Amino acid sequence: MQHPDMTDKISSKRRGDAVNVLRRNDDGSDENWVQATVVSNFESVITVEYSDGVKEVIPWVSGRIGVDAGRAG
């Protein structure tokens with residue numbers, strides 16, 4: 001579970017904001033931090049879109065969302 005301050009930072013993310021997400025490789029072998037764009041942010045989940053067009057819904061408390069990516073261009 002994430003620290004409450006981190007949850008507050010995630011909940012403040014808006015459509016178009018960039019976030020870092022821990023994403024598993026296609027073959028399932030490893031996870032890497034990648035940048036994604038917020039599509040929506042609702043209650044306790046955030047929907048992101050990766051550069052390859054794949055969208056994913058991620059719970060805030062998953063530990064897979066970083067908030068220091070800034071704003072998408």
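Let's start with a striking detail: the charged end of R23 sits over the ring of Y50, at 3.8 Å from the ring's centre. Keep in mind that you are looking at a predicted model. Ring-to-ring partners are another matter, since the count of aromatic pairs comes to zero.

**The overall plan**

Now step back to the whole chain. The protein has one helix and five strands, and from the N terminus on they run α-β-β-β-β-β. Of its 73 residues, 33% count as buried. The accessible surface comes to about 4,700 Å², and carbon and sulfur atoms account for 48% of that. Among contacts between residues at least 6 apart in sequence, 44% join residues at least 24 apart.

**The sheet**

How are the five strands ordered in the sheet? They form an open sheet with the order 4-3-2-1-5 and antiparallel pairing. Strand 4 (55-59) and strand 5 (65-66) stand at the edges with a single partner strand each, so one side of each has no neighbour in the sheet. As a general point, strands of a sheet pair through backbone hydrogen bonds.

Strand 3 is a good place to see this pairing. The table shows its links to two other strands.

| Strand pair | Sense | Bridges | Residues standing opposite |
|---|---|---|---|
| Strand 2 (residues 31-42) and strand 3 (residues 45-50) | antiparallel | six | V38 and V48 |
| Strand 3 and strand 4 | antiparallel | five | V45 and P59 |

Strand 3 and strand 4 also form a hairpin, with four residues between them. Look for G53 in the turn: its phi is positive, about 90°.

**The core**

Which residues make up the largest nonpolar core? There are twelve in all: I10, V19, V21, A36, V38, I46, V48, Y50, I58, W60, I65 and V67. Strand 1 (18-24), strand 2 and strand 3 are the elements that give two or more residues to this core. Strand 3 gives the most, with three residues.

You have already met some of these names. Y50, the residue whose ring lies under the charged end of R23, is a member of the core. V38 and V48, which stand opposite each other, belong to the core too.

I58 is a nice core residue to explore on screen. Leaving aside neighbours within four places in sequence, I58 is in contact with V21, S44, V45, I46, V48, Y50, R64 and I65. Several of those partners are themselves core members, including V21, I46, V48, Y50 and I65.

Note on methods
Residues numbered from 1 in each chain as written. Predicted model: local features only at pLDDT ≥ 70, side-chain atom pairs only at ≥ 80, totals over all residues. Heavy atoms only, no water. Pairing = 2+ DSSP bridges. Phe/Tyr/Trp six-rings, centres within 6.5 Å; stacked < 30°, edge-to-face > 60°. Lys NZ or Arg CZ within 6 Å of the ring centre and 35° of its normal. Core = buried A, V, L, I, M, F, W, Y, C linked by side-chain atoms within 4.5 Å. Buried < 20%, exposed > 50% of the residue type's maximum accessible area, 1.4 Å probe, protein only. Contact = heavy atoms within 4.5 Å. Areas by Shrake-Rupley, 256 points an atom, 1.4 Å probe, with all protein chains shown as cover.
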